[in-house]
Amino acid sequence: MTKKNTPETHAFQAETRQVLQLMIHSLYSNKEIFLRELISNASDALDRLRFEAIQDDSIYEGDSELRIEIETDEEAGTLTVRDNGIGMNREEVMENIGTIAKSGTRAFLDRLSGDQKADAQIIGQFGVGFYSAFIVADKVTLSSRKAGDAAEEGVRWESDGGGEFTIEASDRETHGTEVTLHLKEAEKEFLSKWTVRSLVSRYSDHIGFPIRMQAEAEEGEAEWEDVNKASALWTLPKSDISDEEYQSFYKYLTHDMDDALCWAHNKVEGSQCYTTLLYVPATAPMDLMLQRDERTGLRLYVKRVFIMDAAQSLLPHYLRFIRGVVDSSDLPLNVSRELLQENELLKKIRSAVVRRSLDMIAKIAKDDPEQYKMFWNQFGAVIKEGVADDFANRERIAPLLRFASTHGEGSEPCVSLEMYKERMKEGQETIYFITAENYQAASNSPHLEVFRKNDIEVLLMSDRVDEWMMAYFTEFDGTPFKSVAKGDIDLSALQPPDPDSAGEDGDKKDSEDTTQSLDADLLKKIQDTLNGQVSEVRASRRLTDSASCLVLGEQEMALHLQKLLEQAGQTVPDSRPVLELNADHPLVHLLQEEEGDEAFSDLSQMLYEQALLSEGGSLTDPAGFVRRVNKLMLRHAPPDQ
Ligand code: ADP
């Protein structure tokens, strides 16, 4: 039995409380968004009821004219948003607005900087929702009843946005939800019908349901009238839609506070009819990389009836940041998530969505490089997953990629593969790249030395996904890729560098001459000393400045990645790199001349350890390394300083 009229008091979770407080303060300069959020919730509730009614229209309880009503009451100082949608029962109210059970709340709080402007943006990305009501209200009352439940199952929730809320049973004749905002003294402007009306037409003109308000009336019953156009935006001809309308629909759809970066709106007519409206957001949601599934995907409609949110089968994973709507005239209304996976028509729509999305992105790249930079910084790492995931579209994806490079602008990823190919040296038949833990590590890697000397461009990759991507990416436009840190490097086919740019003291020797010989016995002795840590020790063709480096086999995983996997508790395939030594380096000379066994062993070990460190690998015995370095420093320090 439900207890009637005995409100129960519950405390919000600490984190919910914190989010609420932050939101109220950070979003204050954007306070009118609360109305869009409430209308958006109401419209979702209507969508969901209409969907349920496909199976059984008795759920309408005879009231199938779906609508949103907004009412202001000057005397009471309240603004009410009401829908006759699906409604919520007690458990749902508890769950949905009693707690912010959103995963990632903690991570979200951790990301806040204290700078109001920056924080408002993050909060916006988080999706503000129902709680935004507290920006303008000092008390919010929600009453709701789930469609199909009895009137006594109604529920009433109330809170002042502080630490607690109350919840009680409360009879409700009609299904749906009503949210009443008791406006703060300073927010009475939202009692003005005119203000509210203009906000509705700014934010919610093209949601698919009528929004009604009462006309001003001197006396007696006021008439309800529609205040929005109530035609779903994607159903209109493109030429009738302004940029502003596209943007406000985007915000309604995504709860993003910022404008979308761009969109593509297409109608396909013929043997199949469907419409797609796709948006690229300007900023990535903070959980894009972590949370794999929630809130991504498109909204699927069938003949304008909302079917499901976050329909992931409409988008491949690497395009999960694309938002928007797909409306098909041919899918059955009762299509389920499971059926969707199988549906042939849907597969066609999906491949069209992928093409349109990639075209839209390619268009930014072509038309507006500055904007593309912004795009790439937000979503580049995700797009890269597509190289591995979507073989069929690899040729569309590859030109979208951007990398930092030895010939680029610092750490800015701005070099495309096309650019790289255009400036390849005569005789160069390979696209060279290196993967590392971060830009610095890539850019300072000893592996680049011979390439720098010969002025050969190397792409510097430091996203986590890069190593994985490159395992699938063997060539671009007929030119193979090669990691400069793996396998043998042979630059002999290349032209020698321009003599003017060669090193000082007349070092005009050509590129192949970086291989110097080292005595085979010496190499053997070093390898024995290193006791199985490396598979081979050899003279290097890569190094000009550093003493040593480690080289992996073509198929082996980069050392920084091996370290990451190990840290994540995964088993890493056994790999033993090759140690390469620079025969011209004074430390290697020292080694050649060293007669003491212990000193020889220390120095060999150090050359190995340095190489490992510059590769982003981790030392098994860091203290031992420090000891060896100190010993060496003392040995070679000038006496008595
Ligand atoms: P979001 O809408 O982003 O999920 P909200 O905080 O706005 O977050 O709402 C939380 C949940 O409460 C919604 O997902 C929905 O399940 C429920 N809800 C909110 N408003 C309504 C409403 N008018 N009718 C039915 N359910 C609602």
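**Close-up 1. Asp477, in the loop between strands S18 and S19.** This view of the predicted model shows Asp477 sitting between strand S18 (475-476) and strand S19 (479-483). Its phi is near 50 degrees, a positive value, and Asp477 is not a glycine. Is Asp477 buried or exposed? With a relative accessibility of 58%, Asp477 counts as exposed, because the cut-off for that label is over 50%.

**Close-up 2. Glu61, in the loop between helix H2 and strand S2.** Here we look at the stretch that runs from helix H2 (33-55) to strand S2 (68-73), where Glu61 is found. Glu61 is another residue other than glycine with a positive phi, near 50 degrees. Its relative accessibility is 34%, so Glu61 counts as partly exposed.

**Close-up 3. Helix H10 and its bend at Phe379.** Helix H10 covers residues 369-389, 21 residues in total. A straight helix would reach 30 Å at 1.5 Å a residue, but the end C-alpha atoms of H10 are only 26 Å apart. Follow the helix along and you'll meet a bend of about 70 degrees at Phe379.

**Close-up 4. The buried residues of H10 and what covers them.** Phe379, where H10 bends, is one of the buried residues of this helix. Others include the aromatic-named Tyr372, Phe375 and Trp376, along with Lys384 and Glu385. What covers the buried residues of H10? The cover includes two strands, S10 (260-268) and S11 (274-281), plus helices H9 (344-367), H11 (394-397) and H15 (464-472).

How values were computed. Residues are numbered from 1 along each chain as its sequence is written. This is a predicted model: local features need pLDDT of at least 70, side-chain atom pairs count only at pLDDT 80 or more; totals for chains, interfaces and linings use all residues. Side-chain values use heavy atoms; hydrogens and water are left out. Helices (H or I, at least four residues) and strands (E, at least two) are DSSP runs, numbered from the N terminus. The expected span of a helix is 1.5 Å times one less than its number of residues. The bend at a residue is the angle between axes fitted to the seven residues ending there and the seven starting there. Buried means under 20% relative accessible area, exposed over 50%, partly exposed in between (1.4 Å probe, protein chains only). Contact means heavy atoms within 4.5 Å.
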